[in-house]
Amino acid sequence: MNEIRPDAAPASQTAAGAAPLRGPGSLQLGIIGNAIIAALIDRQANIVWHCVPRLDGDPVFCRLLEPHHADDGVMSVELRGCHGSEQHYIDNTAILVTTLTAADGAAIRITDFAPRFKQYDRIFRPAMLIRRIEPVAGAPVIRLRVRPLFHYGAHKPSRTLGSNHVRFSAPEAALRLTTDAPIGYIDNETEFVLNQPITLILGPDESFSASVAHISREFLERTIEYWIEWVRYLSVPFEWQDAVIRAAITLKLCSFEETGAIVAAVTTSIPEAPDTPRTWDYRYCWMRDAYFVVQALNRLGATKTMEDFLRYITTVVAQHPGETLQPLYGIIPGTSLEERTLDTMRGYRGMGPVRVGNAAYFQVQNDTYGSIVLASAQMFFDRRLPHRGDVALFRQLEGLGEKAAELALTPDAGLWEFRGRARVHTHSAAMCWAACRRLARIAGVLDLPDRAGYWRDHADRIRKAILEQAWNPKLNSFVESFGGEDLDASLLLLQEIGFVAADDPRFHGTLEAIGRELKRGNHLMRYVAPDDFGKPHTAFTICTFWYVDALAAVGRREEAREIFETLLAARNHLGLLSEDVDPKTGELWGNFPQTYSMVGLIVCAMRLSKSWEESFWRGS
């Protein structure tokens, strides 16, 4: 296989000298984090995106979206005469290492991470970034720039200098940089010779009781130990292990462990394609996206995310008893999601608008109920779990099932969140069917035969309507909405959720129709019919993964593997994917890193990989 290792650059993006060190923004970024905060770092070790005090907070480093204070919103290390960079993760961790090399041979190594490790029988995960800078060769001359902005790029903070720190403050906001580097050099952004390692710690306005060098060494060692231990217990496939491990770590970084929420991505407003108004804020928890993340991590044996998400969902439901659920909520349930555009940032590559909040929260998206029930169902079947699902949890899920049964055959905005129309979408109806069907199975496990029959009856009723109204004999395919004639990629999930079998002629017909109408090269469009903003121009990466999974399910494994390899090659130099890809150029677009896309990688790798028994235990 020609797998691209996440910790090695693809041939077209090799390190020293191959990539320009300055230029327009790109998604050649790495992510660090600890399931409370995250940061995005480019190939020159510029921290270009970092929200505080949590994943959906104020982006104090926002260079990625080009603030009008154009020289600010970044944390950087500039090496005099720099002409090349190399970047990788420490194996099986979320710790990013960037090496910058100058024309005269001088070099520095920059290690970035957010601490995460076990302490006092709990996980220590402060809202803190740690940066270690070390001389590697020659006499490197560097300049440090630490230029946060507050209130979404609107305010430049005032600075207060201490003996070992710089305090950045603005109304209702403050950050502290604690360091063993000379404060004067940082304050004046003066060049100096780096002749020994230095450490910078950015976080809340709090002091430390030990030296920053000692803290950074200890936190680094313990964070490495944590991630290696976490990865050790993943049930990875035999093939594509590095790709799957990197995807799994990335999904973990997109969780907000404090409440159990899972964000769709850590960014806002990266456009889905060049010069499109499709710029959305993805720093929130979609029930649908969270279900897919839980499903992928469960397949790897990392069930704690499911347990945490269930804790989040029970809080959401408790806050809105009997109400129709929103498709998304804030990572702290109850916080505002009102959408607004900003005039303080120009946008990614100058392509606005920049949005905060997401108006999809008030849409009707009926697949939400199925997503929650399916995400929770393993709690009743997995005997490894210390706290398995019981009758009390089943009763809570039944409330969601009642909504699914009520709304299954009613119009909604669908999973593509159409803002200007409502239809009875096939995917939404099928997910409501899945909710009822899964509740029937859970009732069987709990020895509640009356409830099992009740939910089977609802499932049968919904299934009958879907088969009658979502099947188009002229196209020999299911269609995206009842009585419609258009296709969308979500129809590929009908086999995945068990609505039709992989050998059902109706599924084969649907797969053929989707390949014929939506496939562009080795990528798949989510749909091609015009929507509120015209026709889509980029391929939706998770849809291509769904297509790969469907091909494998019907036995077209070689074709599936070929397309899967194309998707692996589309990853950036660190093995990460955004939401969309240009099928002509291979360029990444859309919010980053996209949990949907990383989920698809995991699911398809596990579907396509040769087994450990075939390849290792009984292999030659």
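Helices and strands here are DSSP runs, numbered from the N terminus: H or I with at least four residues for a helix, E with at least two for a strand. Keep that in mind for every loop I name.

This is a predicted model, where local features need pLDDT of at least 70, side-chain atom pairs count only at pLDDT 80 or more, and totals for chains, interfaces and linings use all residues. Residues are numbered from 1 along each chain as its sequence is written, and side-chain values use heavy atoms, with hydrogens and water left out.

Backbone outliers, then. Start with Asn476. It sits in the loop between β24 (471-472) and β25 (477-478). Its phi is positive, about 55°, although Asn476 is not a glycine. How exposed is Asn476? Partly exposed, with a relative accessible area of 41%. The cut-offs: buried is under 20% relative accessible area, exposed is over 50%, and partly exposed is in between, using a 1.4 Å probe and protein chains only.

Next, Glu172. Again a residue other than glycine, again a positive phi, near 65°. Where is Glu172 found? In the loop between β14 (165-170) and β15 (173-179). Glu172 is exposed, at a relative accessible area of 84%.

Now the cis peptide bonds. Val52 and Pro53 are joined by one, with omega about 0°. Pro53 lies in the loop between β3 (47-52) and β4 (58-61).

Then Phe592 to Pro593. That peptide bond is cis too, and omega is near -25°. Which elements flank the loop of Pro593? β30 (588-589) and α14 (595-608).
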